[in-house]
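Work through the exercises below with the structure open beside you. Try each task before reading its solution.

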Amino acid sequence: MTTNVKARRVSRLARLLTGRNALRRPVDRIEGVVLVALFVAFLAAVAFACIVGTHTYQSQRAAAVGLRPAAAVVLRDGPALGDLARVGQVEARWFVPGRGQHSGVLTTATTPAIAGASAGTRISVWLNPSGQPVAPPAGHAVMIIYALIAGALVAGLAGLVLLLVYALSRLVLDRRRLAAWESAWDRTGPRWTTRR
């Protein structure tokens with residue numbers, strides 16, 4: 001695109017906002033400025049939504065980096081498979097590299113595989129840096145989806161708020177337009193009509 005075309009577009013936008021058209025009322029100019037301000041605010045909200053999505057993804061990746069898989073041996077029978085509506089628990093033993101053998105309680109929230117497991121069964125668990133069992137990390141695709149959802153929610157909510165602001169400003173500006181038309185008609189109407 002040439003600079004001449006860009007200059008014409010900028011000139012057209014400036015005329016649209018500050019033009020000297022006699023039919024263009026100050027209320028119309030205010031509405032143009034409000035539209036431009038809301039558009040700029042939406043662009044800023046989209047940029048912020050991108051930052052939120054990126055931060056969500058990076059925080060999930062950072063949380064998953066410290067986790068490591070391990071094998072645990074269930075010491076007693078796990079909760080029945082039909083009891084998944086509530087959190088079940090069972091005692092288990094696992095090995096933490098560099099720290100030796102650990103034992104503790106595994107729950108169906110952190111290790112769903114304990115449901116229906118019999119004593120002596122080896123199951124895989126995820127351990128945090130301190131060696132405690134935690135919920136398995138989300139997959140790479142799931143992390144991306146969560147980040148996209150977070151960004152889309154921020155942008156969508158910002159868009160809704162800005163639409164509400166625009167609707168309210170239109171309501172106020174339309175009331176001012178109607179009041180101006182009414183006062184103009186009060187001045188002009190008697191000259192146009194005569195009662196006979």
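A salt bridge is a side-chain nitrogen of Lys or Arg within 4 Å of a carboxyl oxygen of Asp or Glu. The model is predicted: local features need pLDDT of at least 70, side-chain atom pairs count only at pLDDT 80 or more, and totals for chains, interfaces and linings use all residues. Residues are numbered from 1 along each chain as its sequence is written, and side-chain values use heavy atoms, with hydrogens and water left out.

**Exercise 1. List the elements of the chain in order.**

Helices (H or I, at least four residues) and strands (E, at least two) are DSSP runs, numbered from the N terminus.
- Step 1. Count them: three helices and five strands.
- Step 2. Read from the N terminus: α-α-β-β-β-β-β-α.

**Exercise 2. Check the spans of α2 and α3 against expectation.**

The expected span of a helix is 1.5 Å times one less than its number of residues.
- Step 1. Take α2, with 40 residues: the expected span is 58 Å, and the end C-alpha atoms are 58 Å apart, so the two agree.
- Step 2. Take α3, with 53 residues: it reaches 74 Å from first C-alpha to last, close to the expected 78 Å.
- Step 3. Look for a bend, the angle between axes fitted to the seven residues ending at a residue and the seven starting there. α3 bends by about 35 degrees at aspartate 186, and proline 190 follows within four residues.

**Exercise 3. Trace the salt bridges around arginine 170.**

Side chains of opposite charge can pair when their charged atoms come close.
- Step 1. Start with glutamate 31: its salt bridge with arginine 170 has its closest N and O atoms 3.3 Å apart. This pair links distant parts of the chain, with glutamate 31 in helix α2 and arginine 170 in helix α3, 139 residues apart.
- Step 2. Go on to aspartate 174, which meets arginine 170 in a salt bridge at 3.6 Å, N to O. Arginine 170 and aspartate 174 are separated by about one helical turn, because they are four residues apart in helix α3.
- Step 3. Add arginine 177: its closest approach to aspartate 174, N to O, is 2.5 Å, again a salt bridge. Salt bridges that share partners join Asp28, Glu31, Arg170, Asp174 and Arg177 into one network.

**Exercise 4. Are glutamate 31 and arginine 177 buried or exposed?**

Buried means under 20% relative accessible area, exposed over 50%, partly exposed in between (1.4 Å probe, protein chains only).
- Step 1. Glutamate 31 has 13% relative accessibility, so it is buried.
- Step 2. Arginine 177 has 8%, so it is buried too.
- Step 3. Turn to their partners. Arginine 170 is partly exposed, because its relative accessible area is 30%. Aspartate 174, at 26%, is therefore also partly exposed.

**Exercise 5. Which nonpolar patch includes Tyr146?**

Patches are made of residues with over 30% relative accessible area and no salt bridge: like charges are joined within 9 Å, nonpolar side chains (Val, Leu, Ile, Met, Phe, Trp, Tyr) within 5 Å.
- Step 1. Place tyrosine 146: it is in helix α3, residues 140-192.
- Step 2. Check its cover: tyrosine 146 is partly exposed, because its relative accessible area is 45%.
- Step 3. Name the patch: Val142, Ile145, Tyr146, Ile149 and Leu153, with about 460 Å² of accessible area together. Accessible areas come from the Shrake-Rupley method with a 1.4 Å probe; for residues, only the protein chains shown count as cover.
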